Amino acid sequence: MFQIIKMIVQRLGLGLLTLFVVSLIIFLGVELLPGDLAEAILGQSATPETVAAFRRELKLDLPMHERYIEWLLGILQGDLGKSLANGREISELVGVRFSNTIFLAIVAAVISVPIAVILGVLAALYRNSLYDRMVNVFTLTSISFPEFFVAYILILFFAVEWNIFPSLSNVNPNMGFFEHVYRVALPALTLTLVVIAHMMRMTRAAIINLLASPYIEMANLKGISRSRIIVHHALPNALAPIINVIVLNLAYLIVGVVVVEVVFVYPGLGQLLVDSVSKRDIPVVQASCMIFAATYILLNLTADVLSIVTNPRLLHPK
Amino acid sequence: MVEFWKLLKSAPFTAKLGLLIIVINIFVGVLAPVISPYGETEIVGAEYEPPSEQFWLGTDNLGRDMFTRMNYGARNTIGIAFITTALAFFIGSVMGLMASTLGGWVDQLLSRIVDVILSIPTLIFALLLLTIVGTTIPGVIGVIAILYSAPVFRLARAVSMNVVVLDFVEVARLRGEGLWWIIIREVLPNSMPPLVAEFGLRFCFVFLLISALSFLGLGIQPPTADWGSMVRDNATLITYGEFTPLLPAAAIAVLTVGVNFVVDWFLYKTSGLRDDH
C-alpha cells in the first residue's frame, strides 16, 4: 500500500511541475514576441502617448517576473484578467463557455465510450475475422478524415437532407437539458466518429496483449471455463489499460472540440480561443490555452493515477 | 530500376492505390498552372455558380473557378505541409541524434524540453504560438515544424540509442572522428527505416493540422488557394444541399488515406513485422 501512495504522490508532483512549466511557457511565450506587445496591438499609427498609456494599463512597465507571479496568483483565485478586445472580465467570458465545452465533451463521451469498448473487445475476441478487418479500415478512415469533413457530411445528411438535427448548435443557459442535448447532437456525433476508432483500436490491442500472456494460457490448460477466465483472470488486468484509453480520449475530446465548435457555431471555449487568436486578444488566448492545457494535463494525470490504482500487481507486492 | 518495378508489382493493392493517389496529387500540384483553365485568384464568373461546361466544379464565394482553385490548392497545401514536415524532421532528427550520441546533460536538457512540448495539446500550442508570431505562411511553417519536431526527436533518439552503443560507433569514436561525422556516416544510415515511415505518418498529421488551421482562418491566408480555407469559404453552400464545398475536404482525406496505405506497406516491408495480433 505504501508503494502505491508513493507512486501516486510522485505522479501528482510531476503533474504539478508540468502545469507550472506550461504556465511559464504560456506567459513567457508572449514576452518573446519580437517587438513590443502594445505597439503590435495598437498598430503603427498609435502615438507614443497612447502606447505608453496602454503599456501602463497592461502593466507592461513592471518587470516580467512580478507580472508572471501576479498573473499566476490571479488565475489560482479565478481572476483571469481583462479582455483587450472588449474590456470584459475574462472569467465572465470563459465561465459559461467552458461549461458548454465540457457538456459537449461529456455527451460525446457518453455515446462513444461504451460503443468503443464493446466493439474493441469484440474485435479482439474475433481477431483476423472480416469484422476485425472492417474495424481496421474504419480506423484508418477516421484518422485520415479532417474533423470538419466529418462534420459537414453529417450536416449535409442529418440537417439538410433529412432535417433531423439542427445544423447550428446555438445553445443558451435557459434551455432545458433535453433541448440542450438535442442541439449538440451533431457536434457530439462528429466527435464520437473522430475518437471512437482510436479508442476501439487501443482497447483491442490491450485485450489481445492480455489474452496472449502465459497465465491466461495456463488457466486455459487447467480447463477453467471461458467466462471465469475472462471475468476473474483477464478483466482485472485489462481494467488499467481500458481506463487509460478512456481517460486519454476524454483528454483528446476536450481539445478536439475546437474545430467542431467552429463548424457548428457552438458557444464553447474553443470558439472563443479561435476568435481571440484572430483578434490577437492575448490575455484571452493565454487564459483559454491555460484552461485547455490544465484540463488536458489533469486528465492525463488521472489516467496515470487510475492505472496505478487498478493494477493488481501493485496491490499485492512481493 | 528493374528491382523497383519488381517491388512495386509485389505490393498489395492498397499500397498501389496509395502510390497512385500520391503521384496524381504531385502531378496536379506541379502542373497546376498548365492544367488549370484560369488563374489562381482570377475572378471569372458570378458567385456560387453551379457546375457547368465552363466551370467544371462551379465557382466559389468570390466567383473564382473551383476546379482551378482545387489544382492550386494541391500545390499550396501539399507543398507547405511537405516543407513543414521536412523542417520538423530536420530539427527533430538532428537534435535526437545529437542527444543520443552526446548523452549527458545535452540529452537531459533536450529530452525535458520535448516532454514539456508534448504535454500541451498540439492544436492549442499552435494557436498560442500563432497569436504571437502572426498567421503568415513562414509563421505557420515555423510553429508547426517546431511542435512536430518533438515526437520526431523522441523517435530519432530512441532508434539511435540502440545504434550508438554498437561496436562500429565505438571504433569511429576511438579513431577520433568528429561528432557530425559519426552522426552522418555511422548513426543516421542505421536509423533510417523507422524515420522514413515516421515521415509519412507525420506528414499526414501536419497536413491535417495545417488544413484545420486554415479552416479556422488561422493558417494559410487568402487569396492563396488552399483546401482547408476553401471549405471554410464555401461552407454556406452545404446548407443548400450542395456537395462541391466538400470536395477539398475529400481531397485532404483521400491523400491522407493514400499516404497511410503506403506507410503501412513500407513498415511491413522494412520491419519484417507481421500484424498477427
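A cavity here is a set of grid points where a 1.4 Å probe fits but cannot get out. Keep that in mind for the close-ups of this predicted model, which start with the two chains and end at single residues.

**Figure 1. Chain A is built from helices.** Chain A holds 14 helices and zero strands. Reading along the sequence, you will meet the pattern α-α-α-α-α-α-α-α-α-α-α-α-α-α. The C-alpha trace of chain A spans about 85 × 60 × 35 Å along its principal axes.

**Figure 2. Chain B, too, has helices and zero strands.** Its helix count is 11. From the N terminus on, the elements of chain B run α-α-α-α-α-α-α-α-α-α-α. Taken along the principal axes, the C-alpha atoms of chain B fill a box of roughly 70 × 50 × 40 Å.

**Figure 3. Chain A meets chain B through 42 residues of chain A and 39 residues of chain B.** About 3500 Å² of area is buried between the two chains, and carbon and sulfur atoms give 82% of that area. The elements that give two or more residues to the side of chain A that touches chain B are α1 (2-31), α6 (130-144), α7 (147-161), α9 (185-211), α11 (226-263), α12 (269-279) and α13 (282-309) of chain A. Sorted by residue class, this side of chain A has 33 nonpolar, six polar and three charged residues.

**Figure 4. A look at polar links between the chains.** How many salt bridges are there between chain A and chain B? The count is zero. For polar contact, there is one residue pair between chain A and chain B, with both residues at pLDDT 80 or more.

**Figure 5. A salt bridge joins A:D304 and A:R11.** Over all chains, the whole structure has eight salt bridges, and this view shows one of them, where the side chains of A:D304 and A:R11 meet at 3.7 Å, N to O. Which parts of chain A does the pair tie together? A:D304 lies in helix α13 of chain A and A:R11 in helix α1 of chain A, so the salt bridge links parts that are 293 residues apart in sequence.

**Figure 6. One cavity of 30 Å³ or more is found in the model.** The largest cavity has a volume of about 30 Å³. If you would like to find the lining in your own viewer, select B:R64, B:R69, B:P222, B:P223, B:T224, B:S229, B:M230 and B:D233. Helix α10 (residues 227-234) of chain B gives the largest share of this lining, three residues. By class, the lining divides into three nonpolar, two polar and three charged residues.

**Figure 7. A cis peptide bond runs from B:P222 to B:P223.** Omega for this bond is near 5°. B:P223 sits in the loop between α9 (179-215) and α10 of chain B. Both B:P222 and B:P223 also appear among the residues that line the largest cavity, so this view pairs well with the previous one.

**Figure 8. A:V265 has a positive phi.** Where is A:V265 found in chain A? A:V265 lies in the loop between α11 and α12 of chain A. Its phi is near 50°, a positive value in a residue other than glycine.

Key
Residues are numbered from 1 along each chain as its sequence is written. Chains are lettered from A and ligands numbered from 1 in the order in which they are written. Side-chain values use heavy atoms; hydrogens and water are left out. Contact means heavy atoms within 4.5 Å. Buried area is the accessible area (1.4 Å probe) that two parts lose on being put together, summed over both. A salt bridge is a side-chain nitrogen of Lys or Arg within 4 Å of a carboxyl oxygen of Asp or Glu. A polar contact is a pair of N or O atoms within 3.5 Å; within protein, one must be able to donate a hydrogen and the other to accept it, and residues adjacent in sequence count only if both atoms are side-chain atoms. Helices (H or I, at least four residues) and strands (E, at least two) are DSSP runs, numbered from the N terminus. Ala, Val, Leu, Ile, Met, Phe, Trp, Tyr, Cys and Pro count as nonpolar, Asp, Glu, Lys and Arg as charged, and the others, Gly among them, as polar. On a 1 Å grid over the protein atoms alone, a cavity is a set of points where a 1.4 Å probe fits but cannot get out, and a pocket is an open set with protein on both sides within 12 Å along at least five of seven lines; lining residues have an atom within 4 Å of a point. Grid points are joined across faces, edges and corners, and a volume is the space filled by probe spheres set on the points.
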